[in-house]
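Work through the exercises below with the sequence and the structure in view. Each task is followed by a solution in steps.

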Amino acid sequence: MSTSGAPTLDRPLAREEKAEQVGRLFVPGRPGPGSARLEVARQVWALAWPAITHMFLLTLVFLVNRAMVGRHSTTALAATQICTTLTWSIISMCSATSAGTLAVVARSIGARDRAGAVAAVRASLVFAAALGVLVAGPLLWTKGAMLRLLFPQADAEVIAQADDYLQIVLPVLPLAFLEAVAASALQGAGDTRTPLLAASAGNVVNVILSALLIFGWFGLPEMGLRGAAVGTAATMAIEGLLLIAVLSARGSPLPLFRREGVEHRQRAFRDALNRVLRVSLPAFAERATYQAGYTGFVVMIGLLGAAAMAANQALVSIESVCFLSAEGFGIAAGALVAQKLGEGNPREAASAGRTSAGLAIVLLSAFGLVFALVPRALIQPFTQDEGIVALGASSLYIAAVAQPFMAFAMVIGTALRAAGATRAVFVVTLVSSLVVRLVVTWLLAIKLGYGLVGVWVGSTADWMVRSAMLGAIWARGRWREISV
């Protein structure tokens, strides 16, 4: 996790130039004598694979805890479905502010304005910490009342255990938000490996601590779901604190404690916060819109019965590999596009976006081919019920068709956000999630009776429309002129 060799901003010019190289440690500035396209592809992959692995590890914390809790108690597993879903949704939606962090930091790095990048990181971290307190405080204060309101059909014991989990996890929510911002800042500066290392350390702690406390091994108290909460909270705290420590270190490529006058620092803080929020607020609205659309989507799946719900859970778990891979390529695209725009090279920014999307399409199309060739073999590890296997397999053929569209939409969407076009992406999400997905799903799955297949046709229609709209925005090219 070391970033040694990157000087602070108050050192001589020669070391400042060295800091530029460290900030681009995984993003060399110009293609070599070989093919320019291959050079861009190499840059994208160097950024993408750590980002993809980082996303997998963040998700793995919840999956591992869910698996261990399921072996401990059925009631605890039911409570896990509520509290971990709620926690993940909150983190996912509120960490949308990190879109502004990546955009401003990467744009500043590209423009060789490292002081501006540092100011953006400071402003983002303060905002993230304040947002974490504002979100966690009311949820802690309600003491389960909100859970009873959101899940009125759940048993009292399930609600009680879910509330116990949240009472342990919510106090460290500000650190989870800080981790998201710090990771985006480092990714924007060209370092996707440090967030990966922090997530790796957090996962090791989570597995060990959760196992010990869930089951009460080695004389420790048997805490069940509360043990999983302790593991999750410790992981959030460790990852957040590690990344803050990296940014605070003397050799950081984005040194938080640069020496400067108080008045200058305050002015730079205000300017940077305004820049970050101009990008982040539409991204937050987009994430909220997506969550609203997805909630309606899940409600319709619930109307199809238990078998459809079980099959859908297996399908979502299988497709998550594709989703996280596309998200990793999106992070690479966002960092490169914003850096190239900061350099004043919109043509290279466009090339980085196209190359990232192309690589994601190739990878996810390969996954889609596997979906189509062996659908039953992919579903069977999740259930022994032949009816559920058959239902899931028929829907997996539809999911295979969706993969290249999802790859393009996710990567180009992230690239546009990094370029500052978050309002345009918000409008696309509004149309595709709340109109296309919900209308097509209701019409096919509920009205015409195609069931789970209709659900996945609705999802695929969403990705197709989203790809077409985002592709048109990208091709029009106005994102190249947006000031961040």
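A salt bridge is a side-chain nitrogen of Lys or Arg within 4 Å of a carboxyl oxygen of Asp or Glu. The model used here is a predicted one.

**Exercise 1. A pair between two helices**

Task: Apply the salt-bridge cut-off to Arg-376 and Glu-386, then place both residues in the chain.

Solution.
Step 1. The N to O distance between the side chains of Arg-376 and Glu-386 is 2.3 Å. The cut-off is 4 Å, so the pair counts as a salt bridge.
Step 2. Arg-376 lies in helix α14 (residues 375-379) and Glu-386 in helix α15 (residues 386-419). They are 10 residues apart, and the pair links distant parts of the chain.
Step 3. Arg-376 has a relative accessibility of 34% and counts as partly exposed. Glu-386, at 46%, is also partly exposed.

**Exercise 2. A pair inside one helix**

Task: Find how far apart Arg-42 and Glu-39 are along their helix, and state whether each is buried, partly exposed or exposed.

Solution.
Step 1. Arg-42 and Glu-39 form a salt bridge, and their closest N and O atoms are 3.0 Å apart.
Step 2. Both residues belong to helix α2 (residues 36-72). Because they are three residues apart in that helix, about one helical turn separates them.
Step 3. Buried means under 20% relative accessible area, exposed means over 50%, and partly exposed lies in between. Arg-42 has 40% and is therefore partly exposed. Glu-39 has 14% and is therefore buried.

**Exercise 3. A buried network**

Task: Describe the salt bridge of Asp-462 and Arg-437, and name the residues of the network around it.

Solution.
Step 1. The side chains of Asp-462 and Arg-437 meet in a salt bridge with an N to O distance of 2.7 Å.
Step 2. Asp-462 sits in helix α17 (residues 451-476), whereas Arg-437 sits in helix α16 (residues 422-447). With their positions 25 residues apart, this pair links distant parts of the chain.
Step 3. Asp-462 is buried at a relative accessible area of 0%, and Arg-437 is buried at 4%.
Step 4. Arg-437, Asp-462 and Arg-466 are joined into one network by salt bridges that share partners.
Step 5. For the whole structure, the search gives six salt bridges.

**Exercise 4. Cysteines and disulfides**

Task: State how many disulfides the structure has, and whether Cys-83 and Cys-322 are buried or exposed.

Solution.
Step 1. A disulfide is a covalent bond between the sulfur atoms of two cysteines.
Step 2. The search of the whole structure finds zero disulfides.
Step 3. Cys-83 has 0% relative accessibility and counts as buried. Cys-322 is buried too, with a relative accessible area of 1%.

**Exercise 5. Residues in loops**

Task: Locate Arg-112, Phe-218 and Leu-303 between helices, and note a feature of each.

Solution.
Step 1. Arg-112 is in the loop between α4 (98-110) and α5 (114-142). Its phi is positive, about 60°, although Arg-112 is not a glycine. Arg-112 is exposed, at 65% relative accessibility.
Step 2. Phe-218 is in the loop between α9 (193-215) and α10 (225-248). Phe-218 is not a glycine either, and has a positive phi near 55°. Its relative accessible area of 79% makes Phe-218 exposed.
Step 3. Leu-303 is in the loop between α11 (262-302) and α12 (306-343), and is exposed with 62% relative accessible area.
Step 4. Leu-303 contributes to a nonpolar surface patch of about 630 Å², together with Trp-442, Leu-443, Ile-446, Leu-448 and Tyr-450.

**Exercise 6. The whole protein**

Task: Describe the protein by its secondary structure, its extent, its contacts and its surface.

Solution.
Step 1. The secondary structure consists of 17 helices and zero strands.
Step 2. The radius of gyration is 23 Å, close to the 23 Å that the globule rule gives for 484 residues, so the protein is as compact as a globular protein of that length.
Step 3. Along its principal axes, the C-alpha trace spans about 65 × 55 × 35 Å.
Step 4. Of the 484 residues, 54% are buried.
Step 5. Among contacts with a separation of 6 or more, 81% are between residues 24 or more positions apart.
Step 6. The protein exposes about 20,300 Å², and carbon and sulfur atoms supply 66% of that area.

Key. Residues are numbered from 1 along each chain as its sequence is written. This is a predicted model: local features need pLDDT of at least 70, side-chain atom pairs count only at pLDDT 80 or more; totals for chains, interfaces and linings use all residues. Side-chain values use heavy atoms; hydrogens and water are left out. A disulfide is a pair of cysteine sulfur atoms within 2.5 Å. Buried means under 20% relative accessible area, exposed over 50%, partly exposed in between (1.4 Å probe, protein chains only). Patches are made of residues with over 30% relative accessible area and no salt bridge: like charges are joined within 9 Å, nonpolar side chains (Val, Leu, Ile, Met, Phe, Trp, Tyr) within 5 Å. Accessible areas come from the Shrake-Rupley method with a 1.4 Å probe; for residues, only the protein chains shown count as cover. Helices (H or I, at least four residues) and strands (E, at least two) are DSSP runs, numbered from the N terminus. The radius of gyration is taken over C-alpha atoms; the globule rule is 2.2 Å times the number of residues to the power 0.38. Contact means heavy atoms within 4.5 Å.
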